[in-house]
Amino acid sequence: MNKTVTCILCPNGCEMNVEFCEKKVISVNGNKCAKGAGYAEQEITAPVRNIASSVSVENGDMPLCSVRLSSPVPKERIFDVMNEIRKVKVKAPVCIGDVLISNVLGLKSNVIATRNVKEAN
């Protein structure tokens with residue numbers, strides 16, 4: 001089989017043609033750097049994604065706090081992880097780097113605050 005993959009690892013955004021058979025990559029063409037071939041192989045064998053979102057904050061000077069994952073999760077688990085993030089409601093104060101969900105769904109990735117939210121006056 002063949003699949004076209006657009007690399008997102010560097011600004012080149014290479015369009016690569018990947019030839020594969022049953023999740024085994026046979027060849028990658030079109031990458032302008034070595035990272036592209038690795039990205040293409042990962043997209044075929046075990047695609048992962050990172051998530052940026054927000055959680056509700058109680059008694060904060062802002063109602064939401066932005067969050068991200070500490071490491072990518074399998075692409076097919078994105079909606080499961082988002083459901084867990086939606087359940088979270090934290091109390092102010094929140095500091096950048098606070099782990100709001102540890103090891104979300106056993107996927108070895110933490111949900112981390114990316115914004116400071118002070119307590120409301």
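Buried, as I use the word today, means under 20% relative accessible area. The model I am showing is a predicted one.

With that cut-off, take S109. Is S109 buried or exposed? Its relative accessibility is 0%, and therefore S109 counts as buried. This serine sits in the loop that runs between β9, residues 99-101, and β10, residues 111-113. Which residues does S109 touch, once those up to four places away in sequence are set aside? The contacts are L69, S70, S71 and V73, and then I101, S102, N103 and V104.

Now the two strands on either side of that loop. β9 and β10 run antiparallel and are joined by two bridges. I101 is in one of them: its bridge partner in β10 is V111. As a reminder, strands of a sheet pair through backbone hydrogen bonds, either parallel or antiparallel.

On to the sheet itself. It is open, has five strands, and its pairing is mixed. Reading across, the order is β8, β5, β6, β10, β9. Why do β8 and β9 each have a side without a neighbour in the sheet? They stand at the edges with a single partner strand each, so one side of each is left free of a neighbouring strand. On average, neighbouring strands here are turned by 45° against each other, with direction ignored. Helix α2, residues 78-87, packs on this sheet and touches β5, β6, β8, β9 and β10. The direction of α2 makes about 20° with that of β5.

Next, the loop between β8, residues 89-91, and β9, which is where P93 lies. The peptide bond joining A92 and P93 is cis, with omega at about 5°.

Last, two backbone angles to look at on the screen. Which sign does phi of E22 have, positive or negative? Phi of E22 is positive, near 50°, and the residue is not a glycine. E22 is in the loop between β2, residues 15-21, and β3, residues 24-29. Its relative accessible area is 76%, so E22 is exposed.

N59 is another non-glycine residue with a positive phi, in this case near 55°. Where is N59? It is in the loop between β5, residues 52-58, and β6, residues 64-69. Its relative accessibility is 47%, and so N59 counts as partly exposed.

To go back to the start: S109, in the loop between β9 and β10, is buried at 0% relative accessibility, while E22 is exposed at 76%. That is what I had for today.

Note on methods:
Residues numbered from 1 in each chain as written. Predicted model: local features only at pLDDT ≥ 70, side-chain atom pairs only at ≥ 80, totals over all residues. Heavy atoms only, no water. Helix = DSSP H or I, 4+ residues; strand = E, 2+ residues; numbered from the N terminus. Buried < 20%, exposed > 50% of the residue type's maximum accessible area, 1.4 Å probe, protein only. Contact = heavy atoms within 4.5 Å. Pairing = 2+ DSSP bridges. Axes fitted to C-alpha atoms, helices over the stretch in contact; angles between N-to-C directions.
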